[in-house]
Amino acid sequence: ALKADRITWHFIGRLQRRKVRAVVGVFELIHSVDSVELATEIDRRAAAVGHMQNVLLEINLGAEVTKAGFLPQDVEEALPGFAALDHVTVQGLMAVPPPAPDPEASRPHFRRLRELAARLTARGIPRISMQELSMGMSNDYVVAIQEGATLIRLGTAIFGGRSG
């Protein structure tokens with residue numbers, strides 16, 4: 001129903017390599033690239049359809065075992081692997097901090113992501129940009145914006161909580 005309208009779709013959530021074909025070229029931005037291997041599959045699929053795919057690197061700020069993503073101290077060494085891909089452009093970073101009832105508890109995590117992006121930008125690697133910071137959700141988006149978020153996720157604020 002919305003195909004005629006100019007809508008920019010973003011893919012948010014865990015992306016499995018076997019599902020990449022359904023995502024590449026359909027979504028303007030993939031928010032959750034958590035490995036060079038996943039990016040390599042995205043690159044392969046994007047090349048097959050003649051597309052340049054924009055992605056964000058997922059950062060696991062709290063080193064939570066239940067979350068995917070690069071640890072902040074490991075992402076820098078992975079950048080050359082991303083730069084070698086011809087059909088993937090890294091546009092920035094994405095993170096979801098550990099859950100906390102007080103939005104202020106997320107502030108140090110958001111600040112850390114912003115500072116990490118600044119360090120990665122200083123490297124000056126081709127096709128690696130840190131213009132986007134996807135951080136903040138319905139409960140902490142104000143703090144995220146104060147700390148530099150360019151993209152926020154407001155699903156619960158718009159659609160309500162999950163049932164079931």
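**A walk across a six-stranded parallel sheet**

Let's start in the middle of things: Leu57 of S3 has Leu93 as its bridge partner in S4. That is one rung in a longer ladder, since S3 and S4 run parallel and are joined by six bridges. Before going further, keep in mind that this is a predicted model, so everything below describes computed geometry.

Leu93 is a handy place to stand, because its bridges can be followed in two directions. On the S3 side there is Leu57, and towards S5 Leu93 stands opposite Leu133. Strand S4 covers residues 88-95 and strand S5 covers residues 128-137; these two pair in the parallel sense too, over five bridges. How well covered is S4? Eight of its eight residues are buried, so S4 is largely enclosed by the rest of the structure.

Zoom out and the whole sheet comes into view. Six strands make up an open sheet, ordered S1-S2-S3-S4-S5-S6, and the pairing is parallel. Which strands stand at the edges? They are S1 (10-11) and S6 (151-153); each has a single partner strand, so one side of each has no neighbour in the sheet.

Now walk in from the S1 edge. S1 and S2 pair in the parallel sense over two bridges, and Phe11 has Ile30 as its bridge partner in S2. One step on, three bridges tie S2 to S3, again running parallel; here Leu29 has Asn54 in S3 as its bridge partner. Strand S2 itself spans residues 29-33 and is mostly covered, with five of its five residues buried.

Back over in S5, right next to Leu133 in the sequence, is Ser134, a residue found in that strand. Is Ser134 buried or exposed? Its relative accessible area is 0%, and with the cut-off for buried set at under 20%, Ser134 counts as buried. The contact list gives a picture of what surrounds Ser134: leaving aside neighbours within four places in sequence, it touches His31, Leu56, Leu93, Met94, Ala95, Leu151 and Arg153. Leu93, our starting point, is among them. One of these contacts, Ala95, is 39 residues away in sequence, while the C-alpha to C-alpha separation from Ser134 is 6.5 Å.

Next, the helices. H4 lies across S4 and S5, and runs at about 175° to S5. H4 (residues 107-122) also packs with H3 (residues 72-83), at an angle of about 25° and with the two axes 11 Å apart. That angle makes H3 roughly parallel to H4, and their crossing is right-handed. Which residues make the contact between them? From H3 come Pro72, Val75, Glu76 and Leu79, which meet Arg112, Leu116 and Leu120 of H4. Sorted by class, that contact has five nonpolar residues, two charged ones and no polar ones.

Gln73 is also found in H3. With 56% relative accessibility, it counts as exposed, because the cut-off is over 50%. The C-alpha atoms of Gln73 and Leu116 are 9.1 Å apart, with their positions 43 residues apart in sequence.

The loops have a few things to check as well. Most residues other than glycine have a negative phi. Ala63 is a residue with a positive value instead, its phi being near 50°. Where is it? Ala63 lies in the loop between strand S3 (53-58) and H3. At 51% relative accessibility, Ala63 counts as exposed.

Arg127 has a positive phi as well, about 60°, and is not a glycine either. Arg127 is in the loop between H4 and S5. Its relative accessibility is 32%, so Arg127 counts as partly exposed.

One last stop is back towards the start of the chain. Lys19 is found in the loop between S1 and helix H1 (20-23). With a relative accessible area of 43%, Lys19 is partly exposed. Lys19 and Ile42 are 23 residues apart in sequence, and their C-alpha atoms are 9.8 Å apart in space.

Methods:
Residues are numbered from 1 along each chain as its sequence is written. This is a predicted model: local features need pLDDT of at least 70, side-chain atom pairs count only at pLDDT 80 or more; totals for chains, interfaces and linings use all residues. Side-chain values use heavy atoms; hydrogens and water are left out. Axes are lines fitted to C-alpha atoms, for helices over the stretch in contact, and angles run from 0 to 180 degrees between N-to-C directions. Helices (H or I, at least four residues) and strands (E, at least two) are DSSP runs, numbered from the N terminus. Angles under 35 degrees count as roughly parallel, over 145 as roughly antiparallel, 65 to 115 as roughly perpendicular and the rest as oblique. A crossing is left-handed if the near helix is turned anticlockwise from the far one by less than a right angle, and right-handed if clockwise. Contact means heavy atoms within 4.5 Å. Ala, Val, Leu, Ile, Met, Phe, Trp, Tyr, Cys and Pro count as nonpolar, Asp, Glu, Lys and Arg as charged, and the others, Gly among them, as polar. Two strands pair if DSSP finds at least two bridges between them. Buried means under 20% relative accessible area, exposed over 50%, partly exposed in between (1.4 Å probe, protein chains only).
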